[in-house]
Amino acid sequence: MKTRTLRRSLSYGHTRRGVRLVIVLLLVFGVGNSLWGGDVAAAPVGPSASAAEWSALYYSYGQQLREESPTAAATSCDDLSVLVDRSHTLPSDYAPGDLVPLQDYGVPTLGSEVLRREAAEHLGRLVEDAAVDGEELVIASGYRSYEEQKLSHVRLMSVFGAGAALMSATPGHSQHQLGTAVDFTNAAAAYEVWGLFAQTSAHWWLEQHAWEYGFVLAYPEGKEDQTGYEWEPWHYRFVGVEDAKRLQQSDLSLQVFLEREGTMPRC
Ligand SMILES: [Zn+2]
């Protein structure tokens, strides 16, 4: 109760002087020490504390408030290492702010696909280098909004029934909503998104090289129990070159890697 009162006072007191006044009053009435936990309790304050000491105390208490506040502590869904899976959901209103048309980066697409800028830049280089090696890569699907995922999921459910759950994420649980996931296809796979892509040489090229451009296979073969999804040889997610490299060197699935090192989508 006292903490709540203090927080209210702090949130309304916009000047440092006002905050100091609140702190002084609390200390005078003997409740101060019970409010500061951990590091803040060690702040060198007392009747003779200097302005710098008060300032440090104010700063560290502000830090504590920010860490405790649910909104301030929330990591951004823009973080490349946000974990999105069956139990970690994205808010329905989340949409990345830097989506760009893939065609602007020389990436062939089946429709007018968009992706976040950094992912699009790396994908442009990936597709170009694959072409130099004689491999055709086309994007069948990039960013999908919450609403688009909903439609796509309902469509699959109507065709495959409950079995669609293994192939398609429910709205809010799709990596496509992050704007960093893509589905590859090509002529050899009849420009479809399906298992035939696994038999193409472009698929092998991706398995060898995608990580060099920051992309990782999100749902690998043999890791179904970890990811909750069937093997999707066409579905890659951009996590940045550094993390893709570390993931490549480990034997972890993206799922487990992000559980250990990623961030939760409290955004
Ligand atoms: Zn996909």
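Over residues 54-74 of this predicted model, pLDDT stays under 50, and the model has 19 contacts beyond four places in sequence for that stretch. A further stretch, residues 1-51, is likewise a region where pLDDT stays under 50, here with 38 contacts beyond four places in sequence. Where pLDDT is low, the predicted coordinates should not be read in detail. For the chain as a whole, the mean pLDDT is 78, and 71% of the residues reach 70 or more.

**Overall make-up**

The chain has 267 residues, of which 30% are buried, and its secondary structure comes to eleven helices and six strands. When contacts between residues at least 6 apart in sequence are considered, 61% of them join residues at least 24 apart.

**The sheet**

Four strands form an open sheet, arranged in the order β3-β4-β6-β5 with antiparallel pairing. The edges are occupied by β3 (138-141) and β5, each of which has a single partner strand, so one side of each is left without a neighbour in the sheet. From one strand to the next, the twist averages 45°.

Two of the pairings can be followed residue by residue. Strand β4 (residues 181-185) pairs with strand β6 (residues 235-238) in the antiparallel sense over three bridges; within this pairing, Val-182 stands opposite Tyr-236, while the bridge partner of Asp-183 in β6 is His-235. Strand β5 (residues 215-217) also pairs with β6 in the antiparallel sense, again over three bridges, and here Val-216 stands opposite Arg-237 of β6.

**The nonpolar core**

The largest nonpolar core holds 45 residues, and the members that touch the most others are Leu-115, Leu-123, Phe-184, Ala-210, Phe-215, Val-216 and Tyr-236. Helix α6 (residues 117-132) gives the largest share of this core, namely six residues. Val-216 and Tyr-236, both listed among those core members, have already appeared in the strand pairings, Val-216 opposite Arg-237 and Tyr-236 opposite Val-182. Phe-215, leaving aside residues up to four places away in sequence, touches Leu-126, Ala-210, Tyr-236, Arg-237, Phe-238 and Ala-244.

**Helix α7 and positive phi values**

Helix α7 (residues 146-160) has 15 residues and reaches 21 Å from its first C-alpha to its last, which is close to the 21 Å expected at 1.5 Å a residue. Gly-161, which follows α7, has a positive phi near 65°.

Positive phi values also occur at Ala-190 and at Tyr-191, each a residue other than glycine. Most residues other than glycine have a negative phi, and most peptide bonds are trans. Ala-190 lies in the loop between β4 and α8 (201-209), and Tyr-191 has its place in the loop between β4 and α8 as well. Ala-190 counts as exposed because it has 10 C-beta neighbours inside 10 Å, and Tyr-191 is exposed with 11 other C-beta atoms within 10 Å; the cut-off for an exposed residue is 12 or fewer.

The table sets out the positive phi values by residue.

| Residue | Phi | Place |
|---|---|---|
| Gly-161 | near 65° | follows α7 |
| Ala-190 | near 60° | loop between β4 and α8 |
| Tyr-191 | near 55° | loop between β4 and α8 |

Note on methods
Residues are numbered from 1 along each chain as its sequence is written. This is a predicted model: local features need pLDDT of at least 70, side-chain atom pairs count only at pLDDT 80 or more; totals for chains, interfaces and linings use all residues. Helices (H or I, at least four residues) and strands (E, at least two) are DSSP runs, numbered from the N terminus. A residue is buried if 20 or more other C-beta atoms lie within 10 Å of its own, exposed if 12 or fewer, and partly exposed in between; C-beta atoms are placed from the backbone. Two residues are in contact if their C-beta atoms, placed from the backbone, lie within 7 Å. pLDDT is the predictor's confidence in each residue, from 0 to 100. Two strands pair if DSSP finds at least two bridges between them. A nonpolar core is a set of buried Ala, Val, Leu, Ile, Met, Phe, Trp, Tyr and Cys residues joined through C-beta atoms within 7 Å. The expected span of a helix is 1.5 Å times one less than its number of residues. Axes are lines fitted to C-alpha atoms, for helices over the stretch in contact, and angles run from 0 to 180 degrees between N-to-C directions.
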